[in-house]
Amino acid sequence: DLSLSNESQYLLVSMSSARELASKFGENEENVARRFRPNFIIDGPLEKFDEDRAKRIEIGNQIFEFRSVCTRCQMICVDQTSGERNQGLLTMLIDLRK
């Protein structure tokens, strides 16, 4: 068992979720996805926010099990390109997950 500051050793974000958040947040979908600093960004068969409910996913010949939803908290407030901070995305995501 590894001791990490995050919940898991990897983070997956789907572009369908990024598109949904981007449409509500008013930002480019790729920028929204990068705010989560994911290890994997997939654009495929997942519906928006399926990664919040999934138990496992297969990428190539590797099977990944999901532990929990992302708790990156303040990290998503930082634009990974410009370094600018904006609480709006975090606030919106908290409201969506209620």
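This dialogue considers helix α1 and the nonpolar cores of a predicted model.

Reader: How should one read a helix, and which residues of helix α1 are buried?

Author: An α-helix has 3.6 residues a turn, so residues three or four places apart point the same way. In this predicted model, helix α1 spans residues 15–25, and its buried residues are M15, S16, S17, A18, E20, L21 and A22.

Reader: What covers the buried residues of α1?

Author: The cover includes the strands β1 (12–14) and β2 (40–42). Also included are the helices α2 (29–35), α3 (50–53) and α4 (88–96).

Reader: Why does E20 count as buried?

Author: The cut-off for a buried residue is under 20% relative accessible area. E20, a residue of helix α1, counts as buried because its relative accessibility is 17%. Leaving aside residues up to four places away in sequence, E20 touches K48 and F49.

Reader: Which residues of the largest nonpolar core touch the most other members?

Author: That core has 16 residues, and those touching the most other members are L21, V32, F36, I76 and L89. Two or more residues of this core come from each of α1, α2 and α4.

Reader: Which residues does L21 touch?

Author: When residues up to four places away in sequence are not counted, L21 touches V32, F36, F49, L89, M92, L93 and L96. There is also a second, separate core of 6 residues, among them L12, I42, L46 and I57.

Reader: What follows helix α1?

Author: The residue after α1 is G26, and its phi is positive, near 80°.

How values were computed:
Residues numbered from 1 in each chain as written. Predicted model: local features only at pLDDT ≥ 70, side-chain atom pairs only at ≥ 80, totals over all residues. Heavy atoms only, no water. Buried < 20%, exposed > 50% of the residue type's maximum accessible area, 1.4 Å probe, protein only. Helix = DSSP H or I, 4+ residues; strand = E, 2+ residues; numbered from the N terminus. Contact = heavy atoms within 4.5 Å. Core = buried A, V, L, I, M, F, W, Y, C linked by side-chain atoms within 4.5 Å.
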